[in-house]
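Colleague: Before I lean on any detail here, could you take me through how to read the helices, the cores and the loops, one feature after another?

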Amino acid sequence: MSSDPAQFVFLITSGVLITLVMCGFIVAMVLFHRQQQIRNRQKMDHMKAEYERTILGVEKEIQEQTLSFIGQELHDNVGQILSLTKLTLNNPDPENFSEGKRLINQAIKEVRTLSKRLNLDWVKEVKLLDFIQQELQKIENSGFCQTQFDSNITELELEKDQKLVLIRIIQECLNNTMKHAEPKLITVSLQQKNDFLELMIKDDGKGFDVEDKSKGMGLHNLKSRIETIGGNLQLFSKINMGTEIKLLLPFA
Amino acid sequence: MTFNLYLITILVGALISLSALIFKTDRQYKKANILIFSVLALVLIQEYLSEVVKNYSANGNNHIIYNIFGIYLLNSLYLIFFKMVFRSELMKKRINISIAFLFFFGIIDSIFFQPVTKIFQHYLLIYGSLMIILYSISFYYKVFNRNDYINSNLLSIPYFWIITVLFFYYSSTFLIWASFSFLLKADYQALVVSLFDLNRLMAGVTYLVMGFAFYAPKVFQGKYFTT
């Protein structure tokens, strides 16, 4: 026990001072933390808005692409079948009548197939693995170049929005490759690593200078899209050495 | 602070901590609550035993009690507490290494500098205090730079209260014991006594806050908005 009055005064004064410092410290911490929370909330709101904007944009793009495809199909496919039907039915003999009936059935079938593409519900149904394979098959069927698909995944569960964004990015990457790269082989690889999904789209085409600012906008769009679903995009390219795009998406 | 008042403070802290455990204030802090209750019980036993040894032993030397309880056990328990606070494996590994070093330095100190039964091993206390200060700063860094607890009211987190009082108490302990030799040589014995009194006062506040800390989730929840 402090018997000396000077010691007692020292103890009381220091005790009060330390208490004040400690209280000040706690108040400062709490105020700073509150500011952090406000900043974080604003950031989250901004990210949410950005996410919704991206999803809307992606949906719109896919819809536009689907509609343009349908327009093309109506013109080149159904339109042609109906024109042929009209020509066939101009000569009303039984053989032509039967052929006309077959053509009309084919037109009905084609219209039904097309109508399925009018909404985005197919995104819910389609599996990412199947989608990639179909896209690569389309490229190969067009005779544009060879394709290769590689995956260690048998079953992949993704949220609709994540799948939508990934589908759009894959389409965009493949379109860019076909438009600019002149490749002989496009390789797509979908791998499940420890706690993330790795999607790689690689070509052996012309490649480009990644420092070239004129190519920056498309890349920026791709990056911001994958970031809205919590992923990350890495790009490697060299002139005449091809391009490799890696998308890393952590599992929630 | 008188010795009896100090003991009562520790006892109150321990009882409140025990009541938080019994009333299950927040299940997510159960392990930490048990640990803090053990710390408080240990401090109570340490203070009681040291007083008994002081009064009944031939030379009144109770350093062994303070060394074993106050330095090795208490510092280890505080470091284990920090292991519960940090989620990162790297931090847990660092804390394990710090505990191992505490015992390693303890052996070296006991053999060459400060025999465990004869002298209060204040070099080890300085090391332990430094570790606690560093891990407290790491905690604040995580809270503010890594956005841990960003969705919670900071005052409702028992860890925040415990680490804040530990940070202040061990900062003062570190300063006092780091300057101890200098103060004694400079003949500031009266100041040393006052500083130890002050340190004891802070210890009392620390143990009391540690006891109340596990009621924080109930008392402060929702006092300001959560995102």
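Colleague: How many ångströms should the 24 residues of H5(B) span, and what distance separates its end C-alpha atoms?

Modeller: The model is a predicted one, and the check is to set the expected span of a helix beside the distance between its ends. At 1.5 Å a residue the 24 residues of H5(B) should span 34 Å, and because the end C-alpha atoms are 34 Å apart, the two values agree. For H2(B), residues 30–56, the 27 residues reach 38 Å from the first C-alpha to the last, close to the 39 Å expected at that rise.

Colleague: Which residues of H5(B) are buried, and what covers them?

Modeller: A general point helps first: an α-helix has 3.6 residues a turn, so residues three or four places apart point the same way. In H5(B) the buried residues are His122(B), Leu124(B), Leu125(B), Tyr127(B), Gly128(B), Ser129(B), Met131(B), Ile132(B), Tyr135(B), Ser136(B), Phe139(B) and Val143(B). Their cover includes helix H1 (5–89) of chain A, together with H3, H4, H6 and helix H7 (180–185) of chain B. Just after H5(B) comes Asn147(B), which takes a positive phi of about 60 degrees.

Colleague: And what is the corresponding picture for H2(B), which residues are buried there?

Modeller: The buried residues of H2(B) are Asn33(B), Ile36(B), Phe37(B), Val39(B), Leu40(B), Val43(B) and Glu47(B), and what covers them includes helix H1 (3–22), helix H3 (63–85), helix H6 (158–178) and helix H8 (189–212) of chain B.

Colleague: How should I read the nonpolar cores, and which residues have the most contacts inside the largest one?

Modeller: In soluble globular proteins, nonpolar side chains tend to be buried together. Here the largest nonpolar core has 52 residues, and those with the most contacts inside it are Leu40(B), Ile162(B), Val165(B), Leu166(B) and Met210(B). At least two residues of this core come from each of H1, H2, H3, helix H4 (89–113), helix H5 (122–145), H6 and H8 of chain B, and H6(B) gives the most, with 12 residues. Leaving aside neighbours within four places in sequence, Ile162(B) is in contact with Ile36(B), Met210(B) and Ala213(B). Apart from this core lies another, of 22 residues, which includes Leu190(A), Ile229(A), Leu233(A) and Ile245(A).

Colleague: Where does the record place the transmembrane regions, and what does the chain look like over them?

Modeller: An annotation is best set beside the coordinates. The unreviewed UniProt entry annotates residues 6–23, 32–49, 64–82, 94–113, 119–141, 153–178 and 198–216 of chain B as "transmembrane region". Over residues 64–82 of chain B the model is 100% helix and 0% strand, with the end C-alpha atoms 26 Å apart, while residues 119–141 of chain B are 87% helix and 0% strand, with the ends 36 Å apart. For chain A, the unreviewed UniProt annotation "transmembrane region" covers residues 6–32, a span that is 100% helix and 0% strand in the model and whose end C-alpha atoms lie 38 Å apart.

Colleague: What does the rest of chain A consist of, and how do I read its order of elements?

Modeller: Chain A comes to six helices and five strands, and from the N terminus on its elements run α-α-α-α-β-α-β-β-α-β-β. Buried residues make up 17% of its 252 residues. Of the contacts in chain A with a separation of 6 or more, 69% are between residues 24 or more positions apart.

Colleague: Which loop residues of chain A have a positive phi, and are they exposed or buried?

Modeller: Two residues serve as cases. Glu182(A), which is not a glycine, has a positive phi of about 50 degrees and sits in the loop between helix H5 (160–181) and strand E2 (185–193) of chain A; it counts as partly exposed because 13 other C-beta atoms lie within 10 Å. Asn240(A) has a phi near 65 degrees and lies in the loop between strand E4 (232–238) and strand E5 (242–250) of chain A; with 9 other C-beta atoms within 10 Å, Asn240(A) is exposed.

Colleague: Finally, how many residues of each chain meet, and what confidence does the predictor give?

Modeller: In this model 21 residues of chain A are in contact with 18 residues of chain B, and the chain A side divides into 11 nonpolar, eight polar and two charged residues. The predictor gives the complex an ipTM of 0.76 and a pTM of 0.66, and the mean pLDDT of chain B is 89, with 96% of its residues at 70 or more.

Note on methods:
Residues are numbered from 1 along each chain as its sequence is written. Chains are lettered from A and ligands numbered from 1 in the order in which they are written. This is a predicted model: local features need pLDDT of at least 70, side-chain atom pairs count only at pLDDT 80 or more; totals for chains, interfaces and linings use all residues. UniProt positions are given in the numbering used here, feature names are shortened, and annotations may be inferred rather than shown by experiment. Helices (H or I, at least four residues) and strands (E, at least two) are DSSP runs, numbered from the N terminus. The expected span of a helix is 1.5 Å times one less than its number of residues. A residue is buried if 20 or more other C-beta atoms lie within 10 Å of its own, exposed if 12 or fewer, and partly exposed in between; C-beta atoms are placed from the backbone. Two residues are in contact if their C-beta atoms, placed from the backbone, lie within 7 Å. Ala, Val, Leu, Ile, Met, Phe, Trp, Tyr, Cys and Pro count as nonpolar, Asp, Glu, Lys and Arg as charged, and the others, Gly among them, as polar. A nonpolar core is a set of buried Ala, Val, Leu, Ile, Met, Phe, Trp, Tyr and Cys residues joined through C-beta atoms within 7 Å. pLDDT is the predictor's confidence in each residue, from 0 to 100.
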